[in-house]
Structure formats: structure tokens, C-alpha cells
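Colleague: I should like to learn how to read a structural model feature by feature. May we proceed with one in view?

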Amino acid sequence: MRAHSKASLSALLAVPLAGCGGNWQSALDVSGPAAISLKHLIVLIVAVCSVVWMLVMVVLILALWRKRDARPIAPEPARERRMTTAVVGAVVATVLIISTFTIMSFLATRALTVSGQDDLTIRVRGLQWWWGLEYVGPDPSQRFETANEIHIPVGRNVRLKLEGLDVIHSFWVPSLAGKQDLVPGRSNELTIRAERAGIYRGQCAEFCGMQHAHMALLVIAEPQDEFDSWVAAQRQASAQPADEREADPTSRPCRGRTR
Ligand SMILES: [Cu+2]
């Protein structure tokens, strides 16, 4: 094979395989129990559907091949019984497969909201086009707010209370959990958990206006001590500007420009 042909083949294979892992926003590169169960469900459904598709193709090809033979318009009774058995068997198999997938999907979706005693609670507000976050605790004075960046401790359940304040949004961090909508006037819940430290990208998964594609967020999973340090820093009072020059943002030099 010539060099440029090999390069073209490699590039062609790289496109479909690029979404199979190693990405920081991928339903196939998972780190949380909910995302792992969803990944298993995806793989199972794709595998079963692939087998069914191949069986249908084989039967279709055989039927087209055998059609060349001259067949009577009215089949004999024994042949008709075989055809009836095949059709009934196919219908039963279809009902069983679809019912199994429906039950498994229901159980996997219900597991997204399972929570425990150790939960850290964060109120997530969806707005056009950003994410407002409030770390909720038993003591109101310990609460604080951030935006677009969720810090969580590794190995702990984090309960997200989801609220839409303007239109419907959808919270989705595919490496950690499934999607859950943020609906105005209604409170939904989602539990996320990261089993390993890292940065996981999330994205609004419901079209919510012209800037919807830019409505991303980051989940930063870190060890408990680092998370505690970050929380302590967030609870500190804001630093006040020392003079008028620091208080006036227009007086600061632009980044990347020398004066
Ligand atoms: Cu959106």
C-alpha cells in the first residue's frame, strides 16, 4: 500500500474511533457508577441490535436468493405452518427484546437519582446561557455561590438540585451521569459521583436559545483535602481593592499587551 493511501486509511479510521475514549466529555469514557451502568446499557443495546440486524440481512438475502425458484401461489399446509411459526417467533422475540430494554432503561434512569446520607448538596440553576451554583449546607452562613465550575470530592455522592430559571435546560456530564432536565417551576434531582480525580466537561443538552452551544460547565473532582481547601477559600470574604486604580477595571493593562 502506498504511503498516502495508508495515511488516508488512518485518517478515515481515526474519525469514528475518536469518540470511543480518552475524551473529557464522553459517555464511553466513564468514571461514575451511574455513567458506568449507562455505558453497559448502551453497549448491550448496540450489540443486540447489531445481531438482530445481521440476522435480518441473512434472512433477507436467503429469501431473495430462493425467490428465483418457481413457487406455487398457495403454499402447501406444512409450509404455511412453518411460515406461521417463524412469524410468531419473530414477533415474540421482538416483544421480549423491547420489553427487556425498556425495563433496563427504566432501572438505569431511576438509579440516577439514588442518594445517600453522605451527600453533598449543590443547587444548580440553569440560565441563558450559564450555570449558577450554590453549595448548600445546614448552616446558611456557610453557603456560597459559584458559576460554571463544580468542585466535588472524589468518591462521594453529590446531590444536585436542578432548577431552570428561564427556559428548559438539560444538565449532562456524560462521564459521570445521564441527562436530567432543569424545568422552570419544578425541582429535579440528579446524583453524580466521581471515582477518580479529574476534570469532566459537561454541556447543556436541551436547545435553549442562540447561545445554547456555549452553555458548558466543568466538574472538577479532587481529593477530599483539596476540596476542603477550595471550600474554605470560597467562604472567605472577597478581597477589597487597595486603591482606586485596583477598583477601576479599565485602568488595568490588557492581557498580552505591554505598555
Ligand atoms: Cu441549552
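Modeller: Certainly. Please bear in mind that this is a predicted model. Let us begin with a single loop residue: at 31% relative accessibility, Asn148 counts as partly exposed.

Colleague: Where is Asn148 placed, and what is its phi?

Modeller: As a general idea, most residues other than glycine have a negative phi, and most peptide bonds are trans. Asn148, although not a glycine, has a positive phi of about 65°. Asn148 sits in the loop between strand 3 (144-147) and strand 4 (149-153).

Colleague: Which residues does a cis peptide bond join?

Modeller: The cis bond links Gln128 and Trp129, with omega about 0°. Trp129 belongs to the loop between strand 1 (120-127) and strand 2 (130-136). Trp129 is also in contact with His212, which leads us to the metal site.

Colleague: Which atoms coordinate the copper ion?

Modeller: One reads a metal site from its donor atoms. Here they are SG of Cys204, O of Glu206, SG of Cys208 and ND1 of His212, at 2.0 to 2.5 Å from the copper ion. Along the sequence, these donor residues follow the spacing C-x1-E-x1-C-x3-H.

Colleague: Why is the arrangement of the four donor atoms irregular?

Modeller: Four donors count as tetrahedral if all angles lie between 85 and 135 degrees. Around the copper ion the four donor atoms subtend angles of 83 to 127°, and the arrangement is therefore irregular.

Colleague: Is His212 buried or exposed?

Modeller: Buried means under 20% relative accessible area. His212 has 15% relative accessibility and therefore counts as buried; Cys208 is buried as well. His212 lies in the loop between strand 9 (198-203) and strand 10 (216-222). Leaving aside neighbours within four places in sequence, the contacts of His212 include Gln203, Cys204 and Phe207.

Colleague: How may one read a pair of helices, for instance helix 2 and helix 3? At what angle do their axes cross?

Modeller: One considers the approach of the axes, their angle and the residues that meet. The axes of helix 2 (residues 33-66) and helix 3 (residues 77-110) come within 11 Å and cross at roughly 165°. Because of that angle, helix 2 is roughly antiparallel to helix 3. Their crossing is left-handed. Among the residues that meet are Leu41, Val48 and Val52 in helix 2, and Ile97, Phe101 and Met104 in helix 3.

Colleague: What does Ile97 touch?

Modeller: Not counting residues up to four places away in sequence, Ile97 touches Val48 and Val52. Ile97 and Val48 are 49 residues apart along the chain, and their C-alpha atoms are separated by 8.5 Å. With 30% relative accessibility, Ile97 counts as partly exposed.

Colleague: Where is Ala194 found, and which residues is it in contact with?

Modeller: Ala194 is in the loop between strand 8 (188-192) and strand 9. Its relative accessible area is 0%, so Ala194 is buried. Leaving aside neighbours within four places in sequence, Ala194 is in contact with Ser31, Ile152, Val154, Gly155, Leu176, Tyr200 and Ala221. A separation of 9.8 Å lies between the C-alpha atoms of Ala194 and Ala34, 160 residues apart along the chain.

Colleague: How many helices and strands are there in the protein chain?

Modeller: The protein chain has five helices and ten strands. Of its 259 residues, 26% are buried. Among contacts with a separation of 6 or more, residues 24 or more positions apart account for 62%.

Key
Residues are numbered from 1 along each chain as its sequence is written. This is a predicted model: local features need pLDDT of at least 70, side-chain atom pairs count only at pLDDT 80 or more; totals for chains, interfaces and linings use all residues. Side-chain values use heavy atoms; hydrogens and water are left out. Donors are N, O and S atoms within 2.8 Å of the metal (3.2 Å for Na, K and Ca); water is not among the atoms, so sites may look incomplete. Four donors count as tetrahedral if all angles lie between 85 and 135 degrees; four count as square planar and six as octahedral if opposite donors are over 155 degrees apart and all others between 65 and 115; anything else is irregular. Buried means under 20% relative accessible area, exposed over 50%, partly exposed in between (1.4 Å probe, protein chains only). Axes are lines fitted to C-alpha atoms, for helices over the stretch in contact, and angles run from 0 to 180 degrees between N-to-C directions. Helices (H or I, at least four residues) and strands (E, at least two) are DSSP runs, numbered from the N terminus. Angles under 35 degrees count as roughly parallel, over 145 as roughly antiparallel, 65 to 115 as roughly perpendicular and the rest as oblique. A crossing is left-handed if the near helix is turned anticlockwise from the far one by less than a right angle, and right-handed if clockwise. Contact means heavy atoms within 4.5 Å.
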